[in-house]
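Please look through the sequence and the model below before reading on. The explanation that follows goes from the overall fold to the core, and then to the aromatic rings and the cysteines.

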Amino acid sequence: MRIYPVVVRPRSGGAAATEAFTDAFALKIAIDDTTGVPTDAAAFNIALLQGDTNDVQTETVALGSFYDDTNVAPTEANSFTLRCWLSGSAGAGVTNPSNADGQNDAATAQLATSLAGASTITMTSTLGANVPTATITSAVYRGWFSSANILVTSIGRITLRSTSALFADVDIFTNAGTNSNINHLSGSFTYDLIANGINTIAKIQSIQVLHRVADAVAGVTQHVLTVDAGCIELAGAFT
């Protein structure tokens with residue numbers, strides 16, 4: 001920087017100077033700017049020095065149930081259980097024989113020997129004609145009845161007969177020779193047909209049922225047979 005002096009001249013005669021400055025002055029900065037345009041270039045290469053220490057996942061995720069299905073796959077076949085009921089029940093001396101027909105309903109037919117002398121009363125019922133053609137796996141006769149001996153000379157009996165003579169008469173129930181009252185009105189009496197030789201569909205379809213009471217002598221040796229119902233229970237595949 002350059003500095004220029006300012007000169008003040010007093011007036012002659014010793015008097016104080018009163019006139020104004022007439023000189024001009026100026027300031028100039030004479031120092032040049034020595035800073036050049038930056039020419040430096042900075043380059044940075046940034047890298048991550050710490051590697052990833054976690055391995056790639058190898059786990060397999062699966063969902064399962066702790067409870068196994070205990071239901072077995074259905075294997076049902078077209079099979080049925082069928083009851084074929086007594087029908088057409090009739091007989092001389094029988095009270096209300098039609099009450100023995102059809103399903104058990106507590107309405108009963110009754111057979112009773114006479115007090116006046118030796119007698120036999122029979123109620124005949126159709127049964128096998130009601131059975132359809134089928135492949136039979138089980139055939140059981142079931143009866144709803146009661147049998148009461150007043151004294152030992154009377155007898156009550158249920159007999160199966162073949163209308164086509166395909167098997168000999170079979171007594172499936174007998175109450176004789178004792179003073180007894182046997183009650184099957186709940187349907188608790190059963191007789192396995194197949195196990196006792198009535199083992200074909202033709203034999204089963206020929207079945208006729210005989211309910212019978214008899215008394216050998218006159219007097220009070222009466223037998224009373226009360227019949228609510230009877231049926232064949234069939235199990236198998238039907239056509």
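The paragraphs below take these topics in turn.

The model is predicted, and in it the protein has one helix and 10 strands. Read along the sequence, these elements follow the pattern β-β-β-β-β-β-β-β-α-β-β, with the helix placed between the eighth and ninth strands. Among the contacts with a separation of 6 or more, 79% join residues that stand 24 or more positions apart. Of the 239 residues, 30% count as buried, while the protein exposes about 16,200 Å², of which carbon and sulfur atoms supply 54%.

The largest nonpolar core has 31 residues, and those with the most contacts inside it are Tyr141, Leu160, Leu193, Ile207 and Ile232. The elements that give two or more residues to this core include strand 5 (134–149), strand 6 (154–162), strand 8 (181–192) and strand 9 (207–215), whereas strand 10 gives the most, with four residues. The surroundings of isoleucine 207 can be followed in detail: leaving aside neighbours within four places in sequence, isoleucine 207 is in contact with Leu127, Gly128, Leu160, Arg161, Phe167, Leu193, Ile198 and Ile232.

Turning to the aromatic rings, the count comes to four aromatic pairs. One of them, formed by phenylalanine 145 and phenylalanine 189, is edge-to-face, with 5.4 Å centre to centre and 65 degrees between the planes. Because phenylalanine 145 lies in strand 5 and phenylalanine 189 in strand 8, this pair ties together parts that are 44 residues apart in sequence. Phenylalanine 145 counts as buried at 1% relative accessibility, and phenylalanine 189 likewise counts as buried at 9%. The rings of phenylalanine 173 and phenylalanine 189 have their centres 5.9 Å apart and their planes at 85 degrees, so this pair is also edge-to-face. Here the link runs from phenylalanine 173 in strand 7 to phenylalanine 189 in strand 8, 16 residues apart, and phenylalanine 173 is buried as well. Ring pairs thus link Phe145, Phe173 and Phe189 into a cluster.

The cysteines remain to be considered, and a search of the whole structure finds zero disulfides. Why is cysteine 84 without a bond to the closest cysteine sulfur? The sulfur of cysteine 84 is 8.1 Å from that of cysteine 231, which is too far for a bond, given that a disulfide requires the two sulfur atoms to be within 2.5 Å. Cysteine 231, for its part, is in no disulfide. Both residues are nevertheless in the interior class: cysteine 84 counts as buried at 4% relative accessibility, and cysteine 231 counts as buried at 0%.

Technical notes
Residues numbered from 1 in each chain as written. Predicted model: local features only at pLDDT ≥ 70, side-chain atom pairs only at ≥ 80, totals over all residues. Heavy atoms only, no water. Buried < 20%, exposed > 50% of the residue type's maximum accessible area, 1.4 Å probe, protein only. Contact = heavy atoms within 4.5 Å. Areas by Shrake-Rupley, 256 points an atom, 1.4 Å probe, with all protein chains shown as cover. Core = buried A, V, L, I, M, F, W, Y, C linked by side-chain atoms within 4.5 Å. Phe/Tyr/Trp six-rings, centres within 6.5 Å; stacked < 30°, edge-to-face > 60°.
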